[in-house]
Structure formats: structure tokens, C-alpha cells
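Me: I would like a close look at one kind of side-chain contact in this structure. Please take me through a few individual examples with care.

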Amino acid sequence: MELGRATLLKEQQLKDQFDNLEKHTQSGIEFVERYSKFVKERSDIEISYAKQIRNLSKKYQPKKNSREEEENKYTSCRAFLSTLNELNDYAGQHEVIAENLTSQIITELSRYLTELKAERKSHFHDGRKAQQQIESLWKQLESSKRRFERDCKEADRAQQYFERMDADINVTKADVEKARQQAQMRHQIAADSKTEYSNYLTKFNQEQNEHYYTLIPNIFQKLQEMEERRIERVGVSMKTYAEVDREVLPIVGKCLDGMTKAAESIEPKTDSKQVVESYKSGFEPPGDVEFEDYGPGQTMKRTVSETSLSNSRGEAKERPGGGKSKGKLWPFIKNKNKGSGPEDFSHLPPEQRRKKLQAKIDDINKDIQKEMDQKDALTKMKGVYEKNPQMGDPASVDPRLVEMAMNIEKLQSEVQKFEGWLAEVEGRLPSRSDPPRRQSGLYESQNSNSTMVDNNCAQDRESPDGSYTEEQSSETQVKVAIANTPEFDDEFDDGDEETLPTIGTCKAVYSFEGHNEGTISVTEGELLFVIEQDKGDGWTRIRRNEEEEGYVPTSYVEVFLETNTKDS
């Protein structure tokens, strides 16, 4: 009985251990799932952050054909653009982090969890099966033991009955023999039960020994190894989690270095020179005001020069009362054209007008070149069709060729129109080498050359406050007078060579020593302006500032052309 109770106690303890292990392993699986969820949320945060950074970079990118795009000629604006580009690359690294977290941790842990659950289920199934088997043997042993006990008691009762019958003198011999046979049969049954009980006991002891010393320890060992692999896998995932961040640090560092380099490339003096170049008016500064004698016997004659303060643009403003007011000093005249202005840009100062006209001519020439290239391509296609009619009908190309010819003719007429305006402007821009001087004799010569101008010469009128105002000829009349003046033609024959506009920027990849004439030296990492692309000879024309420009090998620089240049 004591042995049976001990066995039952061990079985109960073993069952409790399985329950504890089952709870612990389930808790381990839930921990892995929780960690996987944590990494998944971190990955989502990285994707969201990268998206917001990209949107921010896109939001502040200069809009095409906008004022912001024009401002990219300044080093500070280009530095900001470089910062935005680096920021975009920085966002890309956060996307890499999210991608690596998903592929190297989340996906792997998901697959491992499936395998872990299956392995755990298999081990506990084997453990329950072993428990059920030992419990079944125990029940068989108990059953055989109770049967043996019952048969022994029956045999004892039969033996006692036989002995009573044999001692009773009143019982017949036949009844005594019958009682003896019954007792012998019961003893035989008890002997058989004993043998059966002994066999079951031997078998149970063997199975119990194997159960406690082989099967269960093996199952526990497998569960332990499974748990150790789970813990190790979590540790590897945590290490990978850190490595994923560490892998992108060099590239993130390069992005930050790029931002720093962009900030260091800002050149205030270069930007200020760009502003001067952009807004330079081209007006000739006024010369000395001549003395006009109004003494006795002197004829009052007022002369007006284009370079005078009150006639900087050949215009005078009307006063509300019908007279003319004195013009403002030309450096401070406000441009009241808020819209796009006339087609010939006549509302702009001379220098700005010249630049606008030149840029317009360049744009139209690019359009002409594009149309001509397309026309050449269609002409070649037509030739192919004529040689190989099965490839297409040559006549189908003619309408398009006619259309292109008309477009080219129209564009060429546009170029001629703008070139005429440009020639007019360039003929008026003063030479920088000429000293400022009054053209007082200009209107005097007009008296003999143009009656219209003579009738509109400036006359003195006294304003209500006692000061003098000047009535001047209209701008068109002054232009005619100036064009007919030989002195004007001689004065502007020698003008400065036109400065080529910048079409982009470049960064020196290697240092270059420009010893030959026409070349320029550059140092590695230097930022410069591009004024002429490579025409196929391997050289690019660049500018460092207004005084320094020249050619460098195209392979020595990395060129960043402006958008409109790339499109053309």
C-alpha cells in the first residue's frame, strides 16, 4: 500500500511539473511574439518618419519656373538645395532600417515561432502519451492485485469450509469430497492470480523505470534545449536590431557631412556679386551740371542730357494739375510694372533688358535647334520609307515636315525681332571706359537735324514753389535724335564683351592646373559656375567669379545643369 501511494505521489508531482513547463514554455513563446511586435512597431515608425522627411524635402524643393528656381544661382540657395537632397538620402536610410528590421528580424521570428510552437506541441504530446501509458499499466497492476487478493480470500474460505465439513461426522463422504475439490479449485485460481499479479508487477516496474529514467528525462532534455534555442534566438535578434542601425550610420554620417559641406560652400561675396550682376541697370551715371548764365543780355536756354538726374529714362511725370513734375533720381525710380511687362522688356533698365532679350534669343534658338533636329530625323525616316515602302508611307511624313518648317520659320522671325531689340539696346549701353559727361550739345544739333525734336525741345517753366521743371521730348523722339547723332555712334562703338550667363554649377572632382592659355586652375571639391557645356571636345567652360573663367577637362568636374538647360 505504501509503495502504491508513493507511486501515485510521484505521478502527481510529474504531472505538476509538466503543467509548470507547459506554462513556462507558453510564456516564452508569448515573449518572442511580444518582441516581434515591438520590432514591427519600430519598423512602422521608421517608415512613417522616412515618409515625413521625404515630404518635407519635397515641400521645400524649388518649384519649376518659379522665383525659387531662379534664386538657385546663389550659393546659399544651392547649399539649401543640397541640404534638402541630403535630407532625402537621410530618409532613405531610415527606409533601409525598416526594410532590414522586417526581413532580418520580423520575418525570421515569425517563421521561427511557427517551428517553435510545433516542436513544443510534439514534446508535450510525447510526455502526455508516456504518462497515459504508465497510468494504464498502473491500473492493470492494481486490477490484478485486487483480483489476486480476492481469489486468496475465496481460497481461504473454501479451505475453512472443507475443514469444517471434514470434521463434521454428520456430513456424508460425498459432501466432504465436494468441499475438498472446491477448496483445491480456489487455491488453483489464487495461484493463477498470483502469477498474473507477479507478471503485471514485473512489467510495471520495468515500464516505470524506463518512464522515469529514460522517457521523461529525454522529453525534459528536449524541452530544455528548445527553451535554450528560443532564448539564444531572441538574443541574436536583439543583436541584429542594433546592427541594423549601426550599418546605416556611415551613410547617415556622409549625409550629415554633405550638409556641413554645403553650408561651408556658401560664399557671401559671390552671392552679393550675383545680386549686383542681376540688378545692374546699365544707366550711365550723371555728369557734372553745367553753369547756366541767366544774367543781363544772356539768352535763357536749358539743355537736357539723357544722363541728367531728372531725365534718366527720357520721361517726365505729369502732375494732377496738368503740368509736369520733376522726375525722381534714376537709382530710386520704382518699377510700376507688376505684371510680365511688354514683349520687348522696355519697362526694364537697359542692362536688365539686354539680359532678358539675350536669354529670350537663346531660348528661341534652342527651340529652333530642337525643331531642326526633329525635322532631320523625320527627313531620314522619309528616306527610309522611300527605300523600303513596306516600312511605311513616305507621304505620311510630309504634313509633319511642313508643320515643322513653318514652326522654324516662325521661330526665326521671332529671333530676328528680338535681335533687333537687342541691337537697339546694345547700341545705347554706355562703355564703362568712357567718362560720364553731359550731352548738352545734343539738343542743339537736333535743331538742324530734326524739326520734330526742335519743336519739342525742353523749355523752362517755373513751378508754383519757384523751382524749375523741364518739359522733355517723348522717348521715341529722343531715340530718333540720338540715332541720328554721329557723336552717339562713336561713343558706343567700343562696348564691353557680353558676359555669358550661368547655365548650372559644377564641383571639381579632381584638382587641375590650368597652365595653357584659356584654361583655369581648380582644386578638388571647389564649387564653380558652368557657362558653357562640353561641345564634344572634352572641355567645359566654367567661371569662378567675374574676373576668372576658363576651360577645364569635363572629366575633372561633376556638372549640375539647371532644369531649363537639361530640358533643352
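Reply: In this predicted model, the side chains of Lys40 and Asp44 meet in a salt bridge, with a distance of 3.1 Å from N to O. Both residues belong to helix H1, which spans residues 2–59, and they stand four residues apart, about one turn of the helix. Lys40 counts as partly exposed because its relative accessibility of 38% falls between the limits of 20% for buried and 50% for exposed. Asp44, with a relative accessible area of 36%, is partly exposed as well.

Helix H1 also holds Arg42 and Glu46, again four residues apart, or about one turn of the helix. These two residues form a salt bridge in which the closest N and O atoms are 2.8 Å apart. As for their surroundings, both Arg42 and Glu46 are buried.

A further example is found in helix H3, residues 75–167, where Arg157 and Glu154 lie three residues apart, about one turn of the helix. The salt bridge between Arg157 and Glu154 has its closest N and O atoms 2.1 Å apart. Arg157 is partly exposed, at 46% relative accessibility. Glu154 has a relative accessibility of 25%, so it too counts as partly exposed.

Salt bridges can also be linked to one another: Glu532, Arg541, Arg543 and Glu549 are joined into one network by salt bridges that share partners. Across the whole structure, a search finds 25 salt bridges, among them the Lys40 and Asp44 pair.

Terms used:
Residues numbered from 1 in each chain as written. Predicted model: local features only at pLDDT ≥ 70, side-chain atom pairs only at ≥ 80, totals over all residues. Heavy atoms only, no water. Salt bridge = Lys/Arg side-chain N within 4 Å of Asp/Glu carboxyl O. Helix = DSSP H or I, 4+ residues; strand = E, 2+ residues; numbered from the N terminus. Buried < 20%, exposed > 50% of the residue type's maximum accessible area, 1.4 Å probe, protein only.
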